[in-house]
Amino acid sequence: MKKGIAAAPGTGVGRAAILQQRVVPHICAGADPVVPGTLDNELERFRRGRAVAVEYYRSLVERVRTSAGEEEAEIFEGHLEILTGEDLEEAVEEAIGTRHVAAEAAIRAFAVETAREFEELDSEYFRQRAGDIRDIGDRLAEAVYFGSIADSETLAEESVVVAEELTPSATARLDTDRVVAIATEKGGRTSHAAILARALSIPCVTGVEGLVRSVRNGQWLVVDGDAGTVETDVDPDRDRELLKRLAERRQAERDRAEQRRAWSREHEARTADGTSVSLAANVSGTTEAALARELGVHGSGLVRSEFFFMRFSDFPAVEQQVAEYREICRILAPHPVVIRLLDCGADKPLPYARQKQEDNPFLGERGIRLLMNRPEQLRAQVEAISRVAQEGYAIKLMVPMVVTPEEVLAVRDLVTYRDLPVGMMVETPASVLALDRFTETGIVDFVSIGSNDLVQYVMAVDRGNAAVAHLSEELHPAVLAAIAQVVRLAHGAGIPVGVCGDMASRPDTALALLALGVDSLSAGISAVPEVKAAISVVTTRELQELGEVLRTAPDAATARAATAVLADKCPAPWEQEVQ
């Protein structure tokens, strides 16, 4: 048995599906390598690999046509045309024959040059296709080198996803209906694998040292997201009774999840003495928006637009963004929807953004910094959000990773609909300490605390590093003081304060936030019922008294003990109603 960090509750039993990034050496080399063997052999490797890639894309077209529709399938039909076209074949054969390079290097040269030509065209459509060309080149080179194309979208039923690290771009391609559990070597409770798992009610354990090396594809695993363990020594014949009990336990968890959803749907977020609390949900797209609506939330306080961007091989056009944001707003109407501008970089890389490797990416080009260095993409996203606002939807724009007023002003200058509310995320010490420069000048309409990054930067702890995850303490006096200051400065200027980080997704820390005066919470989807239940049994007076304790707590232990007194008051109300 291996021990890690309990990141998402529940138990999952299934076969390991190891997700590993395949590295093609001939692509990664600094210079074109000398062809190993004869030129004829290299040409034959290219043709065999192309046959594999063609078959892969044909099956992908059919799968997408079934799951997403004809329009989306046509994108991959276009990829097939490039793969089977004469331009590719002639370019690769010429490179192999005249420059004596490996097939993989010849493919890469074609993809790079063709993508560059597309990017120089006046047509926005063809510029958008440059990323497709690079992606096709990577897939074809993979097929040549490995003889196959790894595809996380084709998981077997009841798979336990195992990875060194599960990036947002990888999770965006997962068929989560087939995933019974997730286990990773890297990451903590606030890593993106954990956030995704909690949102979809998938058991998850992170920070499991040496996991990938110790298991093989297809091996039976038991992931306990409550205990933070991964059992690798599982024999279906020997452990038949154990697996039966675990399957029954999993079914009971599913039944309980349905009871939770039904209860949440019928109950508002309201304190015991009748005070209404604005509780929204964090979503990554239309599917999660529909799930959130079924839980009876007040819209979304955080739409992670980067997950939408990760579904594309290049930056989506304005029209594509408008369609996505409009549909999310339609699903959650009449409640407000907050679109966070593209927040990629650091632990959320966007492959086609082609960012330079950084020594410390968490302090590098991410959030609004990346967008200001790509003004066309910033303008496109602001324009898309503005158009949806002009259609009458209750949409808001939120700027991530802000440290200076000039960053917010740069966004405001691009807004084409004057009634669009513009807010900022408070997740850096700079934005906390100098918040009055934003609030007193009236350049923001609302602020939202991103508690995951705020804790990371205040505590100087990499939230994805399992070795220091225990130092990521949300109720540390420094973190509480930062939140209290944000509330005081924002309220002094009449500006509302929300929280969209992980602190809003647990009953104890959610109550702590309300006690400190936060106006609204946006929780992970799976956490909404528990947060509603916790709110329902406390009074406003109790929250005020808790706030007094938190503002003077000498250490995290004192603060956590005080919040636990309130958080533990209520057993699961959905279970009481069933009885």
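**A walk from strand β7 to the aromatic rings**

Start by selecting residues 220-224, which make up strand β7. Four of these five residues are buried, so the strand is largely enclosed by the rest of the structure. Keep in mind as you look around that this is a predicted model.

Next, add residues 11-19, strand β3, to your selection. β3 and β7 run antiparallel and are joined by five bridges. To see one of the partnerships, pick Gly14 and look across to β7: its bridge partner there is Leu221.

Now turn to residues 229-231, which form strand β8. This strand pairs with β7 too, again in the antiparallel sense, over three bridges. Which residue in β8 is the bridge partner of Asp224? Select Thr229 and you have found it. Between the strands of this β7 and β8 hairpin lie four residues. Click on Gly228 here, which takes a positive phi near 75°.

Time to move on to some rings. Searching the whole structure turns up four aromatic pairs. Show the side chains of Phe308 and Phe309, which form an edge-to-face pair. Their centres are 6.1 Å apart, with 90° between the planes. Are these two residues buried or exposed? Both Phe308 and Phe309 are buried. Add Phe315 and Tyr325 to the view, and you will have a cluster of four residues linked by ring pairs.

For the last stop, select Lys396 and Phe446. Where does the charged end of Lys396 sit? Look over the ring of Phe446: the charged end is there, 5.3 Å from the ring's centre.

Definitions and conventions
Residues numbered from 1 in each chain as written. Predicted model: local features only at pLDDT ≥ 70, side-chain atom pairs only at ≥ 80, totals over all residues. Heavy atoms only, no water. Buried < 20%, exposed > 50% of the residue type's maximum accessible area, 1.4 Å probe, protein only. Helix = DSSP H or I, 4+ residues; strand = E, 2+ residues; numbered from the N terminus. Pairing = 2+ DSSP bridges. Phe/Tyr/Trp six-rings, centres within 6.5 Å; stacked < 30°, edge-to-face > 60°. Lys NZ or Arg CZ within 6 Å of the ring centre and 35° of its normal.
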